[in-house]
Amino acid sequence: MSPPPNPSLRRLGTLVALMITLSLTAVLPATAAADPLLSQGKTATASSAENVAFPASAAVDGDPGTRWSSAFSDPQWIQVDLGAAASISQVQLSWEAAYATAFQVQVSADGTSWTTVHSTTTGTGGDQTLNVSGNGRYVRVHGTQRATQYGYSLWEFKVYGTSGGPGGGERLLSYNKPGVASSSQNDGNCWECTPARAFDLDPASRWATSATTGWVDPGWIYVDLGATAQLSKVVLQWDPAYATSYQIQVSPDANTWTTVYSTTTGTGFKQTLNVSGSGRYVRMYGTTRAGPYGYSLWEFQVYGTGGDPVDPPAPPKDPANPPALVWSDEFNGPAGGKPDAAKWRADPGTGPNNELEYYTNHDNASMDGQGHLVMEARKQATPGTTCPTDPLTGSGTCQYTSARMNTGTKFHFTYGRVEARIKVPKGNGFWPAFWMMGADFLTGRPWPYNGEVDIMEVLGKDVKTSYSTVHAPAYNGGGGIGSPYTLPNGADFSDDFHVWAANWDSKGIVYTLDGRTVFTLSKDQVEQTRGPWVFDHPFYIILNLAIGGDWPGPPDAATPFPSRMLVDYVRVYQ
C-alpha cells in the first residue's frame with residue numbers, strides 16, 4: 001500500500017533519520033506517557049489490510065519493524081480492544097510514509113457507537129503523541145483522507161491510560177438507588193413495574209409508565225446516585241415500549257437539568273452510551289415513543305466515579321477450563337429401581353400447553369437394570385383428573401400417564417456443561433424433553449421471568465428434527481430464540497442414543513449434539529436484538545415425556561403404547 005521503496009533512498013533516509021534521532025536525543029528528554037500502556041498485545045481489527053503481511057495486530061505488537069497497512073481507499077480504520085473499560089489519556093501513532101492528513105481518534109464502550117476524542121485535517125505523519133481524554137474499551141484511528149495515493153499504514157498504535165474508567169475507578173453507581181418516574185404501571189400486564197425495578201440489576205424486572213396516565217409524551221425516569229458523580233457511561237435495556245427520541249440529563253437537585261446525550265433515532269433494545277457530565281441525579285427523558293404504548297426499561301445503569309454506590313452482588317464465575325464433573329446420575333440401579341431420591345424429585349400432575357397426560361409419582365419412571373432410566377408413556381386413564389378432551393375417546397379425564405422429574409431443591413447450578421445421552425420414542429403425540437428452569441420458579445417467580453433453557457425437544461411425529469431454545473420475558477413461547485437441526489444423512493433420532501449438551505457461561509450458550517455445535521446463543525447479540533438475557537443465575541434440570549399438547553398435537557390410533565424415553569446418563573461439568 002505504501003510507495004515502492006528505492007533502496008538507495010531508503011539507506012539515505014535511514015542515515016538521516018539516525019543522525020536526527022541522535023541529535024534530538026542529545027538535547028531533548030524522551031517523551032513518555034505517565035499512564036500505563038494498555039494496547040500492546042491486545043486484539044486489533046481493521047477495515048482492511050493490504051495483504052496478509054500487514055495485519056492489524058502488527059500495529060499493537062510492540063515491534064517497530066512490523067506494521068498494519070490498509071487498502072488504497074477512504075475511509076479506513078484500525079481499532080484495538082483493550083479488554084475492559086479504561087480512561088484514555090494518550091495515543092501515540094507512528095506512521096509509515098502512507099499516513100493520514102485527516103483522521104479521528106475515537107473511543108467506544110461496545111465497538112459500535114463511537115465518540116471522537118481527537119480530530120485533525122492537517123496531519124503530518126511521522127510520530128505523533130496525542131493527549132486525549134475519553135472513556136471506553138475500544139479505541140479507533142479512523143482515517144478519512146490519505147496523504148498519498150496509497151492507503152494508511154502504522155508501525156505502532158499505542159494507547160495509554162488507566163483501566164477501569166475515569167481515574168481507574170469507573171463503577172456501577174445506580175444499583176439499588178432510589179428512582180422517580182413520571183408514572184409507573186402496576187396491573188396484570190406489568191406487575192409492580194415501579195422505578196426501582198430499573199435499578200435492581202434484575203434483567204427480568206422492569207419499569208413502565210402507567211397504562212392509564214403514562215402512555216403520553218414526555219415520559220421520564222431518574223435515579224438519585226446519593227451524591228455528586230462524574231458520569232462516563234449509561235446503559236439502557238429497553239422493553240419494546242422504547243423511545244425514538246430521548247435525552248440523558250444530569251442535575252444537582254432534580255430540578256435543573258443539563259443534557260449530556262440526545263438522539264432522535266433511538267432503536268430500542270440495548271444501548272450503551274458514552275457520556276460526560278456531573279450530577280447527583282441522572283434522568284432518561286423521553287419525548288417520542290416508538291409505538292402507541294408508553295416507555296419501559298428493563299435496566300437503566302449509570303457508570304462513573306463518585307456518587308454513593310452500593311456494591312452489587314458478585315457475578316457468578318465461569319466454569320474452569322477444562323471443566324470438572326460436579327454432578328451426575330448414571331442410572332445404574334437394579335431393574336425396577338426408582339430414581340435416586342437424593343438427586344431427583346417426581347413432579348406429578350397434569351402438564352401445561354394443553355398436554356393430555358397425567359404425570360405420576362415415579363410410577364412411570366424406573367431403572368431397566370442395564371444402566372438406563374426408563375420414562376414410559378402409557379395409555380392409562382387416571383380417574384378424578386382433568387385434561388383437555390382426548391380426540392380418540394372424547395373424554396376430559398386424562399387418558400395417558402407418563403413421567404416428569406427434576407432436580408429442583410436437590411441440585412441447582414449456574415454455568416457449566418450439562419449433557420444427557422438419550423434415546424427418544426417415535427409416534428404421533430410424543431414430546432420428549434431435556435431442559436432447565438430458573439430456580440427462582442420454585443420460590444414464586446412466574447414463567448417466563450425465571451428463564452427456561454430447552455436443551456432437547458423432539459416431536460414424535462418428526463423424529464428427524466431436534467430443537468434447542470431459550471425463553472425469557474421478552475421472547476417466549478412461539479417467540480423463543482431457538483433453532484431446529486437434524487442428524488447427518490437424514491437419520492432418525494429414535495433409532496439410537498444421542499448426546500445433547502448445553503455449554504453455558506457468562507457469554508451465552510453453545511448447544512451441541514454428539515459433540516457437534518448445532519446452535520450458538522451470544523448474550524450480547526440477544527441483548528442487542530431481542531431483549532434482556534435472564535440466564536445468569538441458578539437453574540435446575542428437568543426430564544419429561546409429554547403426550548399431546550399444542551406443539552406436537554395429539555396421539556392417534558397408530559401411536560404405539562407403551563413407549564419409552566431412555567436416558568443413559570445426565571452429567572454436569574463446571
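**Exercise 1. Backbone oddities in two loops**

Ala254 sits in the loop between strand S14 (243-251) and strand S15 (258-263). Work out what is unusual about the backbone of Ala254 in this predicted model, and decide whether Ala254 is buried or exposed.

*Solution.*
Step 1: start with the usual case. Most residues other than glycine have a negative phi.
Step 2: check the angle. Ala254 is not a glycine, yet its phi is positive, at about 65°.
Step 3: check the surroundings. The relative accessible area of Ala254 is 18%. The cut-off for buried is under 20%, so Ala254 counts as buried.

Now do it again for Leu201: in which loop does Leu201 lie, and what is its relative accessible area?

*Solution.*
Step 1: find the loop. Leu201 lies between strand S11 (190-193) and S12.
Step 2: read phi. Leu201 isn't a glycine either, and its phi is positive at about 60°.
Step 3: look at accessibility. Leu201 has a relative accessible area of 34%, so Leu201 is partly exposed.

**Exercise 2. Peptide bonds that go the other way**

Where do Pro218 and Pro448 lie, and what is omega for the peptide bonds that lead into them?

*Solution.*
Step 1: keep the usual case in mind. Most peptide bonds are trans.
Step 2: take Pro218. Asp217 and Pro218 are joined by a cis peptide bond, with omega about -5°. Pro218 belongs to the loop between strand S12 (207-208) and strand S13 (219-238).
Step 3: take Pro448. From Trp447 to Pro448 the bond is cis, omega being near 5°. You'll find Pro448 in the loop between S27 and S28.

**Exercise 3. Cysteine bookkeeping**

How many disulfides does the structure hold, and which handedness does each one have?

*Solution.*
Step 1: count. There are two disulfides. Put the bonded cysteines in sequence order and the pairing reads 1-2, 3-4.
Step 2: take Cys190 and Cys193. Their sulfur atoms are 1.8 Å apart. The S-S torsion of Cys190 and Cys193 is about -100°, so this disulfide is left-handed. Both Cys190 and Cys193 are buried.
Step 3: take Cys387 and Cys398. They are joined with an S to S distance of 1.9 Å. Here the torsion is about 90°, so the disulfide is right-handed. Cys387 and Cys398 are eleven residues apart, both in the loop between strand S23 (373-379) and strand S24 (400-402). Cys387 is buried, as is Cys398.

**Exercise 4. Tracing an open sheet**

What is the strand order of the open sheet of seven strands, and which strands form its edges?

*Solution.*
Step 1: walk across the sheet. The order is S19-S25-S34-S27-S28-S29-S30, and the pairing is antiparallel.
Step 2: stop at the ends. Strand S19 (345-346) and strand S30 (481-486) are the edges, each pairing on one side only.
Step 3: zoom in on one pair. Strand S25 (residues 404-406) runs antiparallel to strand S34 (residues 539-547), with three bridges between them. In this pair Asn406 faces Ile542 of S34.

**Exercise 5. The pocket by the sheet strands**

How much space lies in the second largest pocket, and which residues lie nearest its centre?

*Solution.*
Step 1: get the volume, about 810 Å³.
Step 2: look at the lining. It has 33 residues, and Asn353, Trp431, Trp435, Glu452 and Glu457 lie nearest the pocket's centre.
Step 3: ask where the lining comes from. The elements giving two or more residues are S25, strand S27 (430-438), strand S28 (452-459), strand S29 (462-471), S30 and S34. Look back at the sheet order and you'll find these strands listed there.
Step 4: sort by class. The lining splits into 14 nonpolar, eleven polar and eight charged residues.

**Exercise 6. A closed space**

How many cavities of 30 Å³ or more does the structure hold, and which strand gives the most to the lining of the largest cavity?

*Solution.*
Step 1: count and size. There is one such cavity, and the largest cavity has about 40 Å³ of space.
Step 2: list some of the lining. Among the residues are Trp68, Trp77, Trp95, Phe103, His142 and Tyr152.
Step 3: assign elements. Two or more residues come from each of strand S3 (76-95), strand S4 (100-108) and strand S6 (127-146). S3 gives the most, with four residues.
Step 4: sort by class. Eight lining residues are nonpolar, three are polar and none is charged.

How values were computed:
Residues numbered from 1 in each chain as written. Predicted model: local features only at pLDDT ≥ 70, side-chain atom pairs only at ≥ 80, totals over all residues. Heavy atoms only, no water. Pairing = 2+ DSSP bridges. 1 Å grid on protein atoms, 1.4 Å probe; cavity = no way out; pocket = protein on both sides within 12 Å on 5 of 7 lines; lining within 4 Å. Points joined across faces, edges and corners; volume = space filled by probe spheres on them. Nonpolar A, V, L, I, M, F, W, Y, C, P; charged D, E, K, R; others polar. Buried < 20%, exposed > 50% of the residue type's maximum accessible area, 1.4 Å probe, protein only. Disulfide = S-S within 2.5 Å.
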